[in-house]
Amino acid sequence: MSAIVGGVAALAVATRPEVHNLLARPSWAPPGWLYGPVWSALLLVVAFAGWSYWRTDGETRGFALYGVCLLLTLLWTPLFFAGGAHVLALADVVVLDLVVAVTMLEFARRSKLAAWLLVPYLLWLLFSTAVNAAVVWLN
């Protein structure tokens, strides 16, 4: 499932690469080429977190939250890049931040490892939220 999220994101960015270059971005935003490798690594860790939770006979609620995280992650890139809907993308990533935090709490009930594996994902999402908010502000 994480591979699907990464594939859709790659397609959305590939169809509109000029969008990223035309936007006014904060000086502290990473270069565009960095997003692909970071997201690839993060989605592998997220997949491992889901697998770790599954191995504990995780509850349906944890998997439902995990699925919502992946869905919101899947939606962000097409909203931001392909759709140019920066405000909607910001709303998506803010909700995603909250859902990942709740998912971590749910995962921690059964697997501390699964919860801790989501920490880099949440940290990158919080940073991405700040970048997205700055893009909305600057554009």
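Tutor: Helices here are DSSP runs of H or I with at least four residues, strands are E runs with at least two, and both are numbered from the N terminus. The model is predicted, so local features need pLDDT of at least 70 and side-chain atom pairs pLDDT 80 or more, whereas totals for chains, interfaces and linings use all residues. Residues are numbered from 1 along each chain as its sequence is written, and side-chain values use heavy atoms, leaving out hydrogens and water.

Student: What makes Phe48, Trp51, Trp54 and Leu113 a nonpolar patch?

Tutor: Patch residues have over 30% relative accessible area and no salt bridge (a side-chain nitrogen of Lys or Arg within 4 Å of a carboxyl oxygen of Asp or Glu), and nonpolar side chains (Val, Leu, Ile, Met, Phe, Trp, Tyr) are joined within 5 Å, like charges within 9 Å. Phe48, Trp51, Trp54 and Leu113 form such a patch on the surface, with about 450 Å² of accessible area together (Shrake-Rupley, 1.4 Å probe, only the protein chains shown counting as cover). Its largest share, three residues, comes from helix H3 (residues 32-54).

Student: Why is Trp51 called partly exposed?

Tutor: Trp51, which lies in helix H3, has a relative accessible area of 42%; buried means under 20% and exposed over 50%, so 42% falls in between and Trp51 is partly exposed.

Student: How do you know that H3 is roughly antiparallel to H4?

Tutor: H3 and helix H4 (residues 60-82) pack at about 165°, their axes 11 Å apart. Because angles over 145 degrees count as roughly antiparallel (under 35 roughly parallel, 65 to 115 roughly perpendicular, the rest oblique), H3 is roughly antiparallel to H4.

How values were computed:
Buried means under 20% relative accessible area, exposed over 50%, partly exposed in between (1.4 Å probe, protein chains only). Axes are lines fitted to C-alpha atoms, for helices over the stretch in contact, and angles run from 0 to 180 degrees between N-to-C directions.
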